[in-house]
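Trainee: Could you take me through the aromatic rings in this one? I'd like a close look at how they pair up.

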Amino acid sequence: MTPSVPTLLVLDADPPPRLGRLTGRVRIVHTDAAGLAARLPTADALLVWDFASHAVREAWPGEGPRPGWVHTASAGVDHLMCPELAASGTVVTNARGVFDAPVAEYVAALVLAIAKDLPRTLDLQREHTWRHREGRMVSGTRACVVGSGPIGRAIARTLKALGVTTALVGRVPRTGIHGPDDLDRLLSRADWVIAAAPLTEQTYGMFDEHRFDVMQPSACFVNVGRGGLVDEEALVRALERRWIAAAALDVLATEPLPADSPLWRVPGLLVSPHMSGDTVGWRDELSTQFVELYERWAAGRSLLNVVDKKRGYVPGH
């Protein structure tokens with residue numbers, strides 16, 4: 001008897017993943033969000049290529065069998081987690097490792113841009129205005145990076161290379177990493193506060209009015225984690241009242257950010273369209289990572305990047 005070919009369901013986004021290496025080894029079925037619920041019971045594995053979609057979280061509680069493995073082409077998993085998936089025997093993996101260096105470089109670019117007042121330089125150039133100013137030194141400053149996973153650690157290494165003294169904050173204290181109890185103390189001393197934590201019940205809204213009030217008036221806040229980490233109204237008040245000097249958001253509570261959002265107009269706030277981890281060739285790298293994981297799964301070998309579904313991230317960091 002010919003062994004059955006597994007069915008891989010792909011929640012698509014444009015452009016689709018490059019899965020040519022799997023030709024003839026798996027039956028690949030593509031779907032959009034509207035068709036996901038109907039096709040879930042037929043799938044052995046699910047690739048969440050459209051990692052901005054909440055369709056998995058909405059469709060998973062339905063009737064019928066569910067895939068034994070779900071992979072999301074993103075570092076965060078909050079967009080697909082629901083109680084039913086968390087309680088199931090399905091293995092969830094993520095794209096850990098793909099975005100570490102790109103996000104770290106992006107954070108360094110933001111820090112340098114803010115310190116050297118590059119946004120204002122570009123504005124003055126468009127106005128044909130010659131206005132000398134003085135920039136800030138980055139070397140010798142302090143940073144607090146909240147999130148001790150691979151991305152947070154890559155940010156810390158990159159900032160240290162710029163001469164920034166960096167403290168990492170994680171879920172629990174351990175060698176080289178501070179715990180949540182140290183956060184307010186570290187925030188009060190930091191020139192740069194970088195949010196790079198996963199979005200969980202414990203981290204949702206953690207950067208609120210109290211946290212911005214604790215920071216120095218000269219501090220700058222950068223969020224490259226998840227939009228839900230930040231109380232955006234509190235951040236706007238902090239900038240308008242000059243409790244902090246500047247901020248940059250690459251992730252937001254609502255994406256895409258509506259054209260009429262007041263966040264576009266807040267003085268001292270840089271907004272970018274969730275692009276810190278997206279470098280030339282990043283989709284190909286995500287495709288290659290998934291194919292390699294699929295080959296392990298098909299061979300019955302243990303998967304890498306397995307998410308602790310209760311915690312909402314890959315443990316061990």
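Mentor: Here is a walk through the ring pairs, followed by the charges that sit over rings. Keep in mind that this is a predicted model, where local features need pLDDT of at least 70, side-chain atom pairs count only at pLDDT 80 or more, and totals for chains, interfaces and linings use all residues. Residues are numbered from 1 along each chain as its sequence is written, and side-chain values use heavy atoms, with hydrogens and water left out.

The structure holds 8 aromatic pairs (rings of Phe, Tyr and Trp, the last by its six-membered ring, with centres within 6.5 Å; planes under 30 degrees apart are stacked, over 60 edge-to-face, the rest tilted). Take Trp69 and Trp297: their ring centres are 5.4 Å apart and the planes sit at 35°, so this pair is tilted. Trp69 belongs to strand E4 (residues 69–72) and Trp297 to helix H10 (residues 282–298), so the pair ties together parts 228 residues apart in sequence. Helices (H or I, at least four residues) and strands (E, at least two) are DSSP runs, numbered from the N terminus.

Trp69 is buried at 1% relative accessibility, while Trp297, at 24%, is partly exposed (buried is under 20% relative accessible area, exposed over 50%, partly exposed in between; 1.4 Å probe, protein chains only). Both belong to one aromatic cluster with Phe290 and Tyr294.

Now Phe212 and Phe221: with centres 5.3 Å apart and planes at 90°, they're edge-to-face. Phe212 is buried at 0%, and Phe221 is buried at 0% too.

Finally, the charged end of Arg136 sits over the ring of Trp192, 5.1 Å from its centre (NZ of Lys or CZ of Arg within 6 Å of the ring centre and within 35 degrees of the ring normal).
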